[in-house]
Amino acid sequence: MSLLGWWRSRGNAARFDFFVRATFYLAYFFLPPLLIIGIAEEISTAAVVATSAAVLLHLALSLRLAHLGIEHYLGRTTFPGRLLVLYVAYTSAVLLVAELTYPHPSPGRIDSPANGIAVMFLVLTITTLSALRPTRPLAVVSAAAIGFLFLTAPMGHAVASSVMVLFLAFAFRTTLWMLGLVWELDRSREVRANLAVAEERLRFARDLHDVVGRNLSVVALKADLAAQLARRGRDTAIDEMLEVRRIAQDSLDELRAVVSGYRTADLSVELAGARSLLGSAGIDCRVIGDVTFGGEPAGALGWAVREGVTNVLRHSEARTCTITLRGKVLTMSNDGARPGPFRFGSGLTGLRERVAALGGTVTAAPEAPNRFVLTVELP
């Protein structure tokens with residue numbers, strides 16, 4: 001799969017997730033080189049190599065902890081407690097070694113290389129800890145970092161570094177909060193779509209229960225009464241069984257009427273239902289054109305609308321859907337089509353057979369970049 005195809009295959013929430021993580025991780029690779037270059041002239045070559053090695057190890061731990069922190073923030077994994085302890089201990093050890101190695105400012109400067117190393121490691125540490133859901137580790141380490149800066153660095157340097165640390169913590173924490181909201185909204189949209197389909201099924205089940213349930217209860221009572229009369233040798237048992245047969249036949253007729261009403265779709269009703277159903281799933285539905293005919297053609301196009309709406313809800317991540325009616329040509333177009341090979345399912349196959357019986361055609365195919373178009377044309 002190409003890079004463009006991979007990007008199109010991801011939903012909006014997954015794209016935003018990728019953007020947040022990429023921004024989050026790339027931040028780790030810009031600050032260390034700048035600070036190492038800034039202190040390289042003040043320390044020996046061996047110290048530069050040692051500092052670079054310490055930074056690389058710290059980056060590896062930061063990336064791993066940030067990844068697990070984001071996954072935990074989204075509720076996908078457990079809290080990385082052991083890695084957090086190791087991370088904080090390693091950071092503290094590096095800061096202690098740097099402070100013991102360079103305890104005083106260099107001649108002619110008010111700052112020391114240790115302060116540059118401290119700022120670099122503390123900024124990376126606070127940025128990483130902002131990915132953790134509990135705020136206590138972030139608050140404790142931030143307070144300790146600010147206290148450390150004020151104890152070891154000049155006042156101006158300490159204030160500027162503290163403001164930068166707090167700003168980064170707030171910025172990254174807010175970004176992760178937005179990421180959590182985006183995923184929650186994506187899940188809510190999927191739930192709404194499933195509920196919309198389930199609601200239609202419940203409506204049909206409710207109609208069947210209302211029509212058939214009462215008659216079946218009467219049949220059961222009549223059959224029991226006929227059995228009791230038959231045991232007693234009463235001739236009226238025959239009348240009761242004939243009544244059971246009549247009720248069963250009436251129930252069968254009513255059941256056929258319900259199923260026929262469900263299978264015979266009224267185009268105007270289905271268009272109104274499409275607006276309501278898609279709207280409840282968070283999809284903007286627009287209908288263009290008016291119904292100017294009836295009979296079997298309108299019923300076939302109504303069935304096409306019903307099948308098209310079901311496919312939009314089940315097989316896409318649509319945000320918009322446009323239904324266009326020009327004469328006896330119906331077109332349904334939606335965005336958010338999922339990539340991959342397309343094939344006619346049982347629903348579209350049944351629709352094609354129904355339309356073909358009227359001399360019409362059904363075409364359904366994806367269109368670039370991420371749209372799907374269903375067209376039903378009747379003669």
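**Notebook: sheet, cores and rings**

I began at one residue pair: Met332 stands opposite Leu374 in β5. I am working from a predicted model.

Next I looked up the strands around that pair. Strand β3, residues 329-334, pairs with strand β5, residues 371-377. The sense is antiparallel, and I found six bridges. I noted a second bridge pair here: Val329 has Glu377 in β5 as its partner.

Then I turned to the other neighbour of β3. β2 and β3 also pair in the antiparallel sense, over six bridges. Which residue in β3 is the bridge partner of Ile323? I looked, and the partner is Met332. So I now have two entries for Met332: Leu374 stands opposite in β5, and Ile323 is a bridge partner.

I followed the chain through the turn. The hairpin of β2 and β3 has two residues between the strands. Gly327 takes a positive phi there, near 65 degrees.

I stepped back to see the whole sheet. It is open, with five strands in the order β1-β2-β3-β5-β4. The pairing is mixed. Which strands stand at the edges? They are β1 (284-288) and β4 (361-367). Each has a single partner strand, so one side of each is left without a neighbour in the sheet. I also checked the turn between neighbouring strands: on average it is 10 degrees, direction ignored.

What packs on this sheet? I found helix α11, residues 295-315. Helix α11 touches β2 (320-326), β3 and β5. Its direction makes about 10 degrees with that of β3.

I moved on to the nonpolar cores. The largest has 40 residues. Those that touch the most other members are Phe24, Leu65, Ile70, Phe121, Leu176 and Leu179. I listed the helices that each supply at least two residues of this core: α2 (12-26), α3 (31-40), α4 (45-73), α5 (81-101), α6 (113-129) and α8 (155-231). Which helix gives the largest share? It is α4, with 10 residues. As background, I wrote down that nonpolar side chains tend to be buried together in soluble globular proteins.

I picked Leu179 for a closer look. I left aside its neighbours within four places in sequence. Leu179 is then in contact with Phe16, Asp17, Val20, Ile70 and Leu74. Ile70 is also one of the residues that touch the most other core members.

Another core lies apart from the largest one. It has 36 residues, among them Ala281, Ile283, Trp303 and Ile323. I had already met Ile323 as the bridge partner of Met332.

Trp303 turned up again when I searched for charges over rings. Arg354 lies over the face of Trp303, at 4.4 Å from the ring centre. I found another case at Trp183: the charged end of Arg76 sits over the ring, 4.7 Å from its centre. I searched for aromatic pairs too, and the count came to zero.

I checked one residue of helix α8, Ala223. Is it buried or exposed? I would call Ala223 partly exposed, because its relative accessible area is 32%. Ala223 and Val244 are 21 residues apart in sequence. In space, their C-alpha atoms are 6.6 Å apart.

Last, I took totals for the chain. I counted 12 helices and five strands. Of the 379 residues, 39% count as buried. Among contacts with a separation of 6 or more, 69% join residues 24 or more positions apart.

Technical notes: Residues are numbered from 1 along each chain as its sequence is written. This is a predicted model: local features need pLDDT of at least 70, side-chain atom pairs count only at pLDDT 80 or more; totals for chains, interfaces and linings use all residues. Side-chain values use heavy atoms; hydrogens and water are left out. Rings of Phe, Tyr and Trp (its six-membered ring) pair if their centres lie within 6.5 Å; planes under 30 degrees apart count as stacked, over 60 as edge-to-face and the rest as tilted. A charge sits over a ring if NZ of Lys or CZ of Arg is within 6 Å of the ring centre and within 35 degrees of the ring normal. A nonpolar core is a set of buried Ala, Val, Leu, Ile, Met, Phe, Trp, Tyr and Cys residues joined through side-chain atoms within 4.5 Å. Buried means under 20% relative accessible area, exposed over 50%, partly exposed in between (1.4 Å probe, protein chains only). Helices (H or I, at least four residues) and strands (E, at least two) are DSSP runs, numbered from the N terminus. Contact means heavy atoms within 4.5 Å. Two strands pair if DSSP finds at least two bridges between them. Axes are lines fitted to C-alpha atoms, for helices over the stretch in contact, and angles run from 0 to 180 degrees between N-to-C directions.
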